[in-house]
Amino acid sequence: MRESSTESVRVVAEVARESRARLLAILASRERDLHAAEDALADAFAQALETWPVEGVPTSPVAWLLTASRRRLIDGLRRSGSERARLERLARTIENEVASNLEIEMWPDERLKLLFIAAHPAVEASARAPLMLQLVFGLDAATIASAFLASPSAMSGRLVRAKNRIRELGISFDVPESEELPSRLRSVLDTIYAVFGTAWEPADGTEVRWTELRDEAIRLGRLLVELLPGRPEAEGLLALMLHCEARRPARRDSQGRFVPLDEQDVALWDLDLIEEAERRLASAARHRLPGRFQLEAAIQSAHAARRFGRGVDWADIALFYDELLRIEPTIAAATARAAVIARIEGPEAGLAALERLPESAIKDYQPFWATRAELSRSAGLRREAEAAYDRAIGLSDDPGVRAHLLGRRARIVD
């Protein structure tokens, strides 16, 4: 391949990684057709791969792609030969020009706007967040599946069905009115948290893409609180992400091995982020409308007490998990609660709580087996601990987590 071709491919890949979501947000919010915008942008990237090696990389690759995408959309209308399509295009152009200044005030960020556009009530609830992760953040089906504890094939099917339904119903993705925002908020919150969680998992945390995604999730969380003041779950989500991010410097040792929360050096925790998280959580609590994200943030807040020289109140954490399981039961919360029960009542009580979880849910859930291994070891159940460690190690994609678990297992043998 010629050097110019190599450079062109590199630039296309870089723009796709850094600007695809923003370009899609601009196109979809203006054209009000999410699927058509996605197709037009894909065509523009394909055109860039053909054109740039010959004509050279343009001065502004992003502007070039935006122009090419808009031309594709216009060509699609022209090919339809529909008078109605032409009239709709004209009306849309006029409407966009009139509304643009108003939208700038209400929507300071194109990506956040697209999240609310894509959280359309006609899309199946279970598919909204995955669809937004793919369209708005450019994540692939396998990565999205991991975030939602689903198989890649199942997630691919869910995304295909959602897109087919959009086509079948002819859903027009208009910018929602202000009164529609609260009903779409939960899907947007779920998506932002899934982005943060997906970027949280990679082993070293230094890869540019994952760092940018974590920063983007927190940035969107802050914007969301400004856009919809007085929404406690939005503040709860922001508090949760800030608490988690505050502990990132202590989460790995110098060799990149995972460090459990109770073994982390609290001096490495970011005090500024913790204090901001505490302010956000206190503000949310004043509404007395507890929800999932506030409860999860409250759990993290209880752990953060160590940064201020106080002990962890495990009884409070158990109560938070009880309430969390009441309003939104998940295998993750149930597994974490079992570990907390073990802290309060002993490892045997924690193991009993784990035994009550359905086998279908825990079969491939790595945190369950890691927790079971730790509790079995604490209870003196050597054989059971070894088997659980082996299962947890086999389910771990993270080299640092595997190294940590192998070290814990070796202590049993010794």
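In which helix does Arg71 lie? In this predicted model, Arg71 is placed in helix H3, which runs over residues 61–80. With a relative accessible area of 56%, Arg71 is exposed, because a residue is counted as exposed when this value is over 50%. The C-alpha atom of Arg71 is separated by 8.4 Å from that of Ala40, although the two residues stand 31 residues apart along the chain.

A buried residue is found in helix H1, which covers residues 3–31 and contains Ile26. The relative accessible area of Ile26 is 12%, and Ile26 is therefore buried, the cut-off for this class being under 20%. When neighbours within four places in sequence are left aside, the residues in contact with Ile26 are Leu66, Arg70 and Glu110. A further pairing across the sequence is that of Ile26 with Arg111, for which the C-alpha atoms are separated by 8.2 Å while the residues lie 85 residues apart along the chain.

Helix H11, formed by residues 232–246, has 15 residues, and the distance from its first C-alpha to its last is 21 Å, close to the 21 Å expected at 1.5 Å a residue. The helix is mostly covered, in that 15 of its 15 residues are buried. One of the elements against which H11 packs is helix H13, made up of residues 292–304, with an angle of about 35° between the two helices and their axes 8 Å apart. The crossing of these two helices, H11 and H13, is left-handed. On the side of H11, the contact is made by Pro232, Glu233, Gly236, Leu237, Ala239, Leu240 and His243, which meet Arg292, Phe293, Gln294, Glu296, Ala297, Gln300, Ser301 and Ala304 of H13. Sorted by class, the residues in this contact between H11 and H13 comprise seven that are nonpolar, five that are polar and three that are charged.

Beyond H11, the loop that leads to helix H12 (271–285) holds Arg252. The relative accessibility of Arg252 is 15%, so Arg252 counts as buried. Two contacts of the Arg252 side chain can be described. The side chain reaches the backbone oxygen of Gly256 at 3.3 Å, and a polar contact of 2.5 Å joins the side chain of Arg252 to that of Asp398.

Key: Residues numbered from 1 in each chain as written. Predicted model: local features only at pLDDT ≥ 70, side-chain atom pairs only at ≥ 80, totals over all residues. Heavy atoms only, no water. Helix = DSSP H or I, 4+ residues; strand = E, 2+ residues; numbered from the N terminus. Expected span 1.5 Å × (residues − 1). Buried < 20%, exposed > 50% of the residue type's maximum accessible area, 1.4 Å probe, protein only. Axes fitted to C-alpha atoms, helices over the stretch in contact; angles between N-to-C directions. Left-handed = near helix turned anticlockwise from the far one by under 90°. Contact = heavy atoms within 4.5 Å. Nonpolar A, V, L, I, M, F, W, Y, C, P; charged D, E, K, R; others polar. Polar contact = N/O pair within 3.5 Å; in protein donor to acceptor, adjacent residues only side chain to side chain.
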